[in-house]
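Trainee: Could you walk me through this model, one question at a time?
Mentor: Happy to, let us have a look together.

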Amino acid sequence: ATRTTAHPSNLVPLEKSPSEILPGYNYPEVDARPHTLSYMVPAPPRWCYKYKVGRMYVCRATKVKSELGEPQIKILCMLGACWPMTFITMGIIAIISLSALWNFLPRLNFLWHLAAMLILGTNLVALGLTGTVDPGIVRRDPEDMEREPDIRTRRWSNMAKAYIRKGEAFCEESQVIVRGMDHFCPWTGTVIAEGNMTYFQMFLGSLCTLLGFIALVAFTSSMAIAAGRKQNPI
């Protein structure tokens, strides 16, 4: 694989679609099947994305020059096949957490407030990054059979019209080949693979921490109320 460097001198504004610059991102246009989660999901507003890669929507990207001077696409921000769920999940977490904390935090000191905002903020940021970074899309090359004769290392995908190598998988929801695919997560709205696995693990870890923290806040607040009633009996 060609190593790339993304220092400022190598970044070029991306004005055309990736299929014009690098055909490997030109995945076939395939409608979602009725049994898929993304079947009824509409495309986001046209003004918020530049082009599609499979059933994913690229909002921002740059053309990166490799050390050999070859153009390569670096996706900076994109939306998944079930993109509304990214924002719906963020709203659900924020509303439920803030409602619970609103009832219990006023009885506790400032450090509890600070910890609550830090944990909740970390969780929402991790969720946002999980749903908007490149999950590890592989550039497709239907003609790579001629360059790699060992057919035992890959299999042909009729949907992607490309070969899938070891460690790669085709995501039917996203309609792209990704490296290190784990699963498609409807709550984050995107496929979980090599590119966003770290953020997804941060999201799960911070979500468990947030739930535990809310339970601790509720318990501590209840103890403070009980102690106050003992000191000031009616």
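**Ile92 and the second largest pocket**

Mentor: Ile92 has 38% relative accessibility, so it counts as partly exposed; buried means under 20% relative accessible area, exposed over 50%, and partly exposed in between (1.4 Å probe, protein chains only). Keep in mind that this is a predicted model, where local features need pLDDT of at least 70, side-chain atom pairs count only at pLDDT 80 or more, and totals for chains, interfaces and linings use all residues. Residues are numbered from 1 along each chain as its sequence is written, and side-chain values use heavy atoms, with hydrogens and water left out.

Trainee: In which helix is Ile92 found?

Mentor: Helices are DSSP runs of H or I with at least four residues, strands are E runs of at least two, and both are numbered from the N terminus. The protein has four helices and ten strands. Ile92 is found in helix H2.

Trainee: Which helix gives the most to the lining of the second largest pocket?

Mentor: A pocket is an open set of points on a 1 Å grid over the protein atoms alone, where a 1.4 Å probe fits, with protein on both sides within 12 Å along at least five of seven lines; lining residues have an atom within 4 Å of a point. Helix H2 (83-104) and helix H4 (197-231) each supply at least two residues of this lining. With six residues, the one that gives the most is H4.

Trainee: Of the residues that line the second largest pocket, which are the closest to its centre?

Mentor: The lining has 13 residues. Closest to the centre are Thr89, Ile92, Ile93, Phe203 and Leu207.
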